Structure formats: C-alpha cells, structure tokens
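Visitor: I would like to go through this structure with you, beginning with its strands. Could you take my questions one by one?

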Amino acid sequence: MARFLPSIFPLCFHCIIVTSVLGFIPKLIHSLTLESDIQVLRALKHSFDPNSVSSTSYLNTWDFMGDPCDCAGEQFLGILCSIPLDDSPSRIISIDLDGAGYDGFLTPSIGNLTELTILSLSKNKIRRTIPETISKLRKLTKLSLAANSLVGTIPNEITLLKNLEYLDLSGNKLSGSIPINISGLRSVTHLSLSSNTLTGTIPDLTGLWQLNYLDLGSNQLYGNLPYFPVRLTTLSINHNILTGHISPIKKLKDLIRLDVSANRFSGVISRDILSLPRLVHLNVSNNHFTATELVNFSAEETELQVLDAQNNQFHGYLPANLVKIQNLTTINLAHNQFSGPIPRGYGAKLKRPWRILYLDDNFLSGKLPPEFISHGQSITGSLARNCLRCPTQTPLCRGGQKTISECLRHNNSST
C-alpha cells in the first residue's frame, strides 16, 4: 500500500517531460492527482453559486485546466496534497477554504476524498444538511463548518470519525439533540456546537477524556448537568434552559473559563467552584442563584480575575471575602437583592486592582467608603438604584437611588 506524506514542496518533479524533433515540448503524461479526487473538487466548486465566488477568493483559483496537485503556486488555493512514495497518484489531504461568503451546499461526493485529514469551510453561506457520506472521511482530524446556514440534525455518522481532534459546527441552524454516542470521539480536544437550535439534555461526555474546550452555548438544551471530562479548561453552556445545581463542575480542576450564564440554575454556588485553582473567568449571571458559600481565600489559592454574578437572587450582605482574591479586577453583582453597607475593604481595592465594579440595583444602604468618592472617576461601574447616601456629584452614583418607600418595603419583607 502506498504511503503518503503532507505536501510541503511543489510537486513539479512529478511532471514527465518528453521531447520531439522540433525541440523540447513539455507534456503532462498523466494527472498527478487521483482522477476521482479531481471530480470531487469539480463537484464542490459547482455546488456553490458562481455569483458568490469573488475574484479574490480561493475558489476562484480552482482552474481545472491545470492539475490540483501540480506545481502552480497561485492555483487551487486552500488545497494540500499528499506526496506518494511510489508511483501512485497524489491525494487531496486538506481543504481549508477562506470565509469568502460562498453560497451553496456541501456535495455528498465529499465522502470520496478518503485521504482527507482537514475539512474547513467556516464563515460562508453553506445551506442544506451535513451529508451522511462525511462518515467515509475516516482520516479526518479537523472538521470545521462553523458560521454557515446548515440545517437538519447532526448526523450520527460524524461519531464514526474516530481520528477527529477538532469539531466545530457552531453558528448554524442545526436542530435535534446532540448524538448520544458523541463520546466515542476519544481523540477530540475541541468541541463547539454553540449558536444552533439544539434541544434535549447534554449527554454523558466523560468518554471524551482528552477534551479541553467545550462550547454548547446559545442552544435550547435543558435538564440537569451531567459530569464533564476532567481535562476541560473552557466550558461554555450559557444561554440554554438548563436547571438544577452546578455541582458537577467542581471536579474540573483545570478549568480556566466557566460560563453558565442565562440559564435557570439555582441554589448555592459552592466553595469548591469558587476556589477552583486555575479559574480566571467566572460568569454565573442571569440565573436563580441565591447565595455563595464562604471561602477562605487567604488559605485557598485562586487565579480568579473576572466575577460576573449579576441578575440573580443573591441576598444578605455583600461578600466581604472578595477583597482577599488577589487577582480580581472585574466584579459585577448588579441586579440582585444585596443589602446592608458596602464593606470598608471594598474601598481599598478600588483602582488597584479593581477596575470594574457594578453594584447597581440592589438594596445597599449607609454611607460610602471614602475611596468611592475620591477614586470614583478611576474605575468603571455603578452604585445607582440602591438605598445609599450617595453624593450626586460622585460618578458612581449617577442614575439616582431607589425611593425611601422601596427601601422600607424591602427591609420589612426581609425581616
């Protein structure tokens, strides 16, 4: 069986030159590229509206008067070929097109490119469904069809692509549920299905033990959270209809970025999540959380820089222990039910390191720590719509406070 290597150098040495009595006349004796691969490229180009192929686009360089794997450097942009170690034809191993707005569909004949390792057609206007013949691309390591207009379900056949390391179908109009056997893709490290209309529950993904990036945001997924692969560094499940607690996330010790915003999660955010050792960005906004467990951050190491917990149902005093998080720069606790005074320690954190602080639309009361007046112009944020004695000339106080009756009504209902 022929062995293949990625194409790095021009393939000119494959061109066979013959002579005649009239002098040296170059003539291509045979096509460098397997004929069936050429036919797939023809079908792929013809599946797009010619009016969507601009003069500067990659696809415009696909001139079939030449050979896709020949040495012309300005032709067949976006294509890589194999270099066979024997006399067998070259094969197409990569199609990586530019996002030039190609309008059309993905031809089912794409499945005949059986040596393909990369198929990237993102940021175009590809319509219709993902062809089931994609299951024949068993050597595929990267499949990116993001930011198109694909419809229908995610074909179960995708789960047969056992060599996939990168799968991105985000930004389409895909519906139905996530294939339950997607966890069979053991080599995947990057999985994004966000910004579709997927429904159903999140299946068990622990089989994806090498996965470090998972984005399922902006769908219509519901139900409780499953357990996730423990190597995750990024987890985005925002803008769904997920419910229950987020306790399964506490096992993700390598997590750097977590976004569970705009769901229906409730209950307490446990100390195990707040003190994840590598967590830098935490967004739990627009849920139904009521409290956070106290964390002794002086004893726990954390890398947390951004905390967004706005628009929940947090109540009681503001968490004073936030001042012990050394790297924290951005805090948003707006649109909750916090009451009582602003902790004195908050003032000492203004400007450095805190640069963004939103506490608006709560029921905070009393006088401001003096730094809120002296350093108020140095940070971005708001204290509006509270029950504070907030000087109107202080930038953070712009927008006014709640009426006395609103504040009294809240105090009476919370006692």
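Visitor: How many bridges join strand β24 to strand β26, and in which sense do they run?

Guide: This is a predicted model. In it, β24 (residues 337–340) and β26 (residues 363–367) run parallel and are joined by two bridges. S339 stands opposite F363 of β26.

Visitor: Which residue stands opposite K367?

Guide: That is R389 in β28. Strand β28 covers residues 387–389, and its parallel pairing with β26 extends over three bridges.

Visitor: Turning to the open sheet, what is the order of its five strands?

Guide: The order is β12-β14-β16-β18-β20, with parallel pairing. At the edges are β12 (199–200) and β20 (288–292), each of which pairs on one side only.

Visitor: And how many bridges link β18 and β20?

Guide: Four bridges link them, in the parallel sense, with β18 spanning residues 264–269. V268 has A291 in β20 as its bridge partner.

Visitor: Now the interior. Which residues touch the most other members of the largest nonpolar core?

Guide: They are I95, L119, L235, I249 and I342, in a core of 101 residues. At least two core residues come from each of α1 (35–46), β4 (79–84), β5 (92–96), β18 and α2 (271–274). The element that gives the most is α1, with four residues.

Visitor: What does L235 touch, leaving aside residues up to four places away in sequence?

Guide: L235 touches L214, F228, I249, L252, L255, L258, R257 and D259. One of these, I249, is also listed with L235 among the residues that touch the most other core members.

Technical notes
Residues are numbered from 1 along each chain as its sequence is written. This is a predicted model: local features need pLDDT of at least 70, side-chain atom pairs count only at pLDDT 80 or more; totals for chains, interfaces and linings use all residues. Side-chain values use heavy atoms; hydrogens and water are left out. Two strands pair if DSSP finds at least two bridges between them. A nonpolar core is a set of buried Ala, Val, Leu, Ile, Met, Phe, Trp, Tyr and Cys residues joined through side-chain atoms within 4.5 Å. Buried means under 20% relative accessible area, exposed over 50%, partly exposed in between (1.4 Å probe, protein chains only). Contact means heavy atoms within 4.5 Å.
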